[in-house]
Amino acid sequence: MLNGIRVLDLTRVLAGPFCTMMLGDMGAEVIKVERPGSGDETRGWGPPFDENGESAYFLSANRNKLSIALDIDDSLDRELIASLATEADVVVDNFRRGTLERRGLDPASLMRRNPALIWCTITGFGPNSARPGYDFVTQAECGWMAITGEPDGDPMKVGVALADVLAGKDAAAAILAALVARSRSGSGRRLFISLVDSARAALVNVAQNVLVSGKDATRWGNAHPNLVPYQLFEAEDRPLVVAVGSDAQWVSCARALGLEGLADDPRLATNAGRLAQRERIIKEFSSRLRDKPAAVWLARLEEAGVPAGVVKTVREVTDDAKGSARTGMPASVGDTLRFPPPRLDQHGSVIRHSGWRVFDLTFGQSDVR
């Protein structure tokens, strides 16, 4: 979908690289610029490392890119970065405020040289903040940890760096919208995405509960503040989740589990009524679900049209998705796999000589074996 779109990737760690990988998955030509010697910080975030010495963390967010090592403190390297930017369609960076400007690589100047350029900067706390942005801090300061974990336990972060992932997806969405706008106007666009903006927006119904009720949100563990039953249960052999989202599903669910007394109780016919009798429902569901293996219950619930599933391990999920130790999990949007994650400066000499023409060369059509 993005064949021929040139993306200069001046990012590192996760939010930015995830954004540019998504664009690459959709066919964009992505050149990743890294610092000489060490490259992207995540190259050292291991173990585990693969047989080539690349960290699993780096591999997870950097397929479909070519790599060049350039030093922004070196005048010749800065000239090459500027040249690549003026011939690019999109530039994505996550440098701290003033870093590029102090070195003569300010986006405003480069966008004047290339009026069609779309430049997206990803920050932790917005373009006017100098604070470094990391996912863990964002989760703490944006309410996520306050609502994650057991009710009587400590605040807990999400198991994936989800604020980074969401910011990367938001950046990709904004860039795609800017490309559409450019197709109409011919003009580029300056974009700013921050981890805190993405994380706050992602509070969705939890934030709205607070805004409507005036009461602060609390931790519910694996239960749901607005829906019952909608939580984790223990089957005879393994945990499973049941997610009832409508009154019709409630009746189907209770009958599938053989709980006719609950299904026929008029006090439980609405979600509000079920919320009022949460403890009763959970007690009866817990007792019944422990009687049989999860597979038995899942078959009955699936037949009844009730959302449910077992708690799978990450290993089970990677096997199901046919993930690759070299190129990661399958793309969620687009599925153009051309290059495995690059070694540091793997394509540097060719890019220095040919610039964006590197993608026209025979070796660059597919580097996946």
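**Exercise 1. A helix inside the fold**

Task: Decide how far helix α1 is enclosed, and find what surrounds it.

Solution.
Step 1. Eleven of the eleven residues of α1 are buried, so this helix is largely enclosed by the rest of the structure. Keep in mind that the model is predicted.
Step 2. Check the residues in the viewer. The buried ones are Ala 15, Gly 16, Pro 17, Phe 18, Cys 19, Thr 20, Met 21, Met 22, Leu 23, Gly 24 and Asp 25.
Step 3. Look for their packing partners. The strands are β1, β2, β4 and β5, and the helices are α6 (162–185) and α7 (195–201).
Step 4. Add the direction. Helix α1 (residues 15–25) lies across β1 (6–10), β2 (29–34), β4 and β5. Its course makes an angle of about 165 degrees with β1.
Step 5. Move just past the end of α1. There Gly 27 has a positive phi of about 110 degrees.

**Exercise 2. The order of a sheet**

Task: Write down the strand order of the six-stranded sheet and name its edge strands.

Solution.
Step 1. Read across the open sheet: β3-β2-β1-β4-β5-β6. The pairing is parallel.
Step 2. Find the edges. β3 (66–69) and β6 (189–194) each have a single partner strand, so one side of each has no neighbour in the sheet.
Step 3. Note the twist. On average, neighbouring strands of this sheet are turned by 20 degrees against each other, direction ignored.
Step 4. Take one pair. β4 (residues 90–93) and β5 (residues 118–123) are parallel and share four bridges. Val 92 faces Cys 120 of β5 across this pairing. What holds such strands together? Strands of a sheet pair through backbone hydrogen bonds.
Step 5. Find another helix over the sheet. α3 (residues 75–86) lies across β1, β2, β3 and β4, at about 145 degrees to β1.

**Exercise 3. Cysteines without a bond**

Task: Count the disulfides, and explain why Cys 19 does not form a bond with Cys 120.

Solution.
Step 1. Recall the bond. A disulfide is a covalent bond between the sulfur atoms of two cysteines.
Step 2. Set the cut-off. The two sulfur atoms must lie within 2.5 Å.
Step 3. Test Cys 19. Its closest cysteine sulfur is in Cys 120, at 5.8 Å, which is too far for a bond.
Step 4. Give the count. By this rule there are zero disulfides.
Step 5. Check burial. Cys 19 is buried, at 0% relative accessibility. Cys 253 is buried too, at 0% relative accessibility.

**Exercise 4. A helix with a buried face**

Task: Find how the buried residues of α12 are arranged around its axis.

Solution.
Step 1. Start with the length. α12 (residues 278–289) has twelve residues and reaches 16 Å from its first C-alpha to its last, close to the 16 Å expected.
Step 2. List the buried residues: Arg 278, Ile 281, Ile 282, Phe 285, Ser 286 and Leu 289.
Step 3. Look down the axis of α12. These buried residues fall within an arc of 125 degrees, so they line one face of the helix.
Step 4. Turn to the face pointing away from the buried side. It carries the exposed residues Glu 279 and Lys 283.
Step 5. Find the cover over the buried residues. It includes β7 (230–234), β8 (239–243), α9 (247–256), α10 (260–263), α11 (271–276) and α13 (294–303).

**Exercise 5. Antiparallel partners**

Task: Trace the pairing from β7 through β8 to β9.

Solution.
Step 1. β7 and β8 run antiparallel and are joined by five bridges.
Step 2. Inspect the connection. The two strands form a hairpin, with four residues between them.
Step 3. Match the residues. Tyr 230 has Ala 243 as its bridge partner in β8. For Leu 232, the partner in β8 is Val 241.
Step 4. Go on to β9 (residues 308–310). This strand runs antiparallel to β8, with three bridges. Val 242 is opposite Ala 308 in β9.

**Exercise 6. A threonine in a loop**

Task: Is Thr 42 buried or exposed? Which residues does Thr 42 touch?

Solution.
Step 1. Locate Thr 42 in the loop between β2 and α2 (56–59).
Step 2. Apply the cut-off: buried means under 20% relative accessible area. Thr 42 has 0%, so this residue is buried.
Step 3. List its contacts, leaving out residues up to four places away in sequence. They are Val 13, Ser 55, Tyr 57 and Phe 58.

Definitions and conventions. Residues numbered from 1 in each chain as written. Predicted model: local features only at pLDDT ≥ 70, side-chain atom pairs only at ≥ 80, totals over all residues. Heavy atoms only, no water. Pairing = 2+ DSSP bridges. Axes fitted to C-alpha atoms, helices over the stretch in contact; angles between N-to-C directions. Contact = heavy atoms within 4.5 Å. Buried < 20%, exposed > 50% of the residue type's maximum accessible area, 1.4 Å probe, protein only. Expected span 1.5 Å × (residues − 1). Arc of directions from axis to C-beta.
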